[in-house]
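Here are some exercises to work through with the structure open beside you. Try each task before reading its solution.

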Amino acid sequence: MKKLNAGIIGATGMVGQRFALLLENHPWFEVTALAASPRSAGKAYGELMENENRWMMEASGGRVPENMKNMTVLDASDISSVASKCDFVFCAVDMKKDEIIALEEAYARAECPVISNNSAHRKTPDVPMIIPEVNPGHAEVIHAQRKRLGTKRGFIAVKSNCSIQSYVPALHPLLPFGVKDVLACTYQAVSGAGKKLCDWEEMQDNVIPYIGGGEEEKSEKEPLKIWGKIEDGVIRDAAGINITAQCVRVPVSDGHLAAVYVRFENKPGKEEIIKIWNGFGGLSESLPSAPEKFLTYFEEESYPQTKLHRGLYNGMGVAVGRLREDSQYDYKFIGLSHNTLRGAAGGAVLTAELLMSKGYFD
């Protein structure tokens, strides 16, 4: 298989760095362009990240990927220069929403597909927001999006908010029972704010009961798009499901944990739910980044734990546990996912693999 050339827009940020690590030896993609803000442009990536102490990926031993060290960082706003080097780009930039929308559409109109980690286009009705194991069919809306943009090859696809990856995958296979009401409280790691625990003094021995940027609204609304249907060239939100969320920042490096309460129209049995979870694979395609097992249910009362289980199947598996009946809802359970892998860069890479397998990069 001939590898596709991939670019990373926002390569100097935490998610951009995670993209770099995941793509270092990817069997389908090869990084041929790194781009960031004008202040980073023109410098060698390795020099910029290591000499200025900006590399945040501790798991790599502080090592910038060798095949990217000497690559000159490009100006992300120079669309033609970046797009000319790539078959598609991953985008994870720190900009205002309207600026991100304009930037991503500019790449798409330049016939360079965009796989975005940003939230700016998640509400755009003809932009698919994909969790590959959950709603791969939403990719079909790309045909309508291309008509709107006037492109033959260019498009935008996004991944969802990192926090909902901890509970939407567990709720999804239970939809046939009529999920009605969901209460989700998420306990989110500091890397979700693009920071390291050791550098965030305010988070030491502390919990902050507020996460800005409309985090709770995203947690309540985005699942409805993921569970929605394509009609007349747009994705229409699922109806009849009510979700309320609380989002809390906790002193953990990586991993978003969710305490979830759910009420059904037709209440299933506990053992039935666990059997469904353990048997839910979700993907028919064989993709390089797909976990061997999507959902893993733990019987132990004290599992899943963030430190122990966030790395499940290279951080791409979702852990579930503590399913039990509730006095107000039907059931409650705990969900856990790795926020910068499954919830960010890893989920975007898996989405790109899915779209490549379906011919959307042709």
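## Exercise 1: A helix that falls short

Helix 12, residues 341-357, has 17 residues, yet its end C-alpha atoms are only 21 Å apart, short of the 24 Å that a straight helix would reach at 1.5 Å a residue. Bear in mind that this is a predicted model. Your task: find where helix 12 bends, and by what angle.

*Solution.*
- Step 1. Start from the span: 21 Å from end to end, against 24 Å for a straight helix.
- Step 2. Follow the axis along the helix; helix 12 bends by about 50° at glycine 347.
- Step 3. Check the surroundings: 16 of the 17 residues of helix 12 are buried, so the rest of the structure largely encloses this helix.
- Step 4. Look just past the end of the helix, where glycine 359 follows with a positive phi, near 85°.

## Exercise 2: Reading a sheet

Work out in which order the six strands of the open sheet lie, and which strands stand at the edges.

*Solution.*
- Step 1. Write down the order of the six strands, 10-7-11-14-13-12, and note that the pairing is mixed.
- Step 2. Identify the edges: strand 10 (242-249) and strand 12 (295-298) each have a single partner strand, so one side of each lacks a neighbour in the sheet.
- Step 3. Add the twist, which averages 20° from one strand to the next.
- Step 4. Trace the pairings of strand 7. Eight bridges connect strand 7 with strand 10, and these two run parallel; one example is aspartate 181, whose bridge partner in strand 10 is asparagine 242. With strand 11, strand 7 pairs in the antiparallel sense, again over eight bridges, and here valine 182 has valine 262 as its bridge partner.
- Step 5. Move on to strand 11 (residues 256-264), which runs antiparallel to strand 14 (residues 331-337) and is joined to it by seven bridges. Leucine 257 stands opposite leucine 336 in strand 14.
- Step 6. Is strand 7 enclosed or left open? Seven of the 10 residues of strand 7 (residues 179-188) are buried, so the strand is largely enclosed by the rest of the structure.
- Step 7. Finish with the helix across the sheet: helix 9 (residues 270-279) lies across strand 12, strand 13 (318-325) and strand 14, and runs at about 140° to strand 12.

## Exercise 3: Sorting aromatic pairs

Classify two ring pairs as stacked or edge-to-face: phenylalanine 19 with phenylalanine 90, and phenylalanine 155 with tyrosine 360.

*Solution.*
- Step 1. Count first: there are 15 aromatic pairs, taking rings whose centres lie within 6.5 Å.
- Step 2. For phenylalanine 19 and phenylalanine 90, the centres are 4.8 Å apart and the planes 25° apart, which makes the pair stacked.
- Step 3. Place that pair: phenylalanine 19 is in helix 1 (residues 14-23) and phenylalanine 90 in strand 4 (residues 88-91), so parts 71 residues apart in sequence are tied together. Phenylalanine 19 is buried at 0% relative accessible area, and phenylalanine 90 is buried at 0% too.
- Step 4. For phenylalanine 155 and tyrosine 360, the ring centres are 6.5 Å apart and the planes stand at 70°, so this pair is edge-to-face.
- Step 5. Place this pair as well: phenylalanine 155 sits in the loop between helix 6 (142-149) and strand 6 (156-158), and tyrosine 360 in the segment after helix 12, 205 residues apart.
- Step 6. Put the pairs together: Phe19, Phe29, Phe88, Phe90, Phe155, Tyr360 and Phe361 are linked into a cluster by ring pairs.

Conventions. Residues are numbered from 1 along each chain as its sequence is written. This is a predicted model: local features need pLDDT of at least 70, side-chain atom pairs count only at pLDDT 80 or more; totals for chains, interfaces and linings use all residues. Side-chain values use heavy atoms; hydrogens and water are left out. Helices (H or I, at least four residues) and strands (E, at least two) are DSSP runs, numbered from the N terminus. The expected span of a helix is 1.5 Å times one less than its number of residues. The bend at a residue is the angle between axes fitted to the seven residues ending there and the seven starting there. Buried means under 20% relative accessible area, exposed over 50%, partly exposed in between (1.4 Å probe, protein chains only). Two strands pair if DSSP finds at least two bridges between them. Axes are lines fitted to C-alpha atoms, for helices over the stretch in contact, and angles run from 0 to 180 degrees between N-to-C directions. Contact means heavy atoms within 4.5 Å. Rings of Phe, Tyr and Trp (its six-membered ring) pair if their centres lie within 6.5 Å; planes under 30 degrees apart count as stacked, over 60 as edge-to-face and the rest as tilted.
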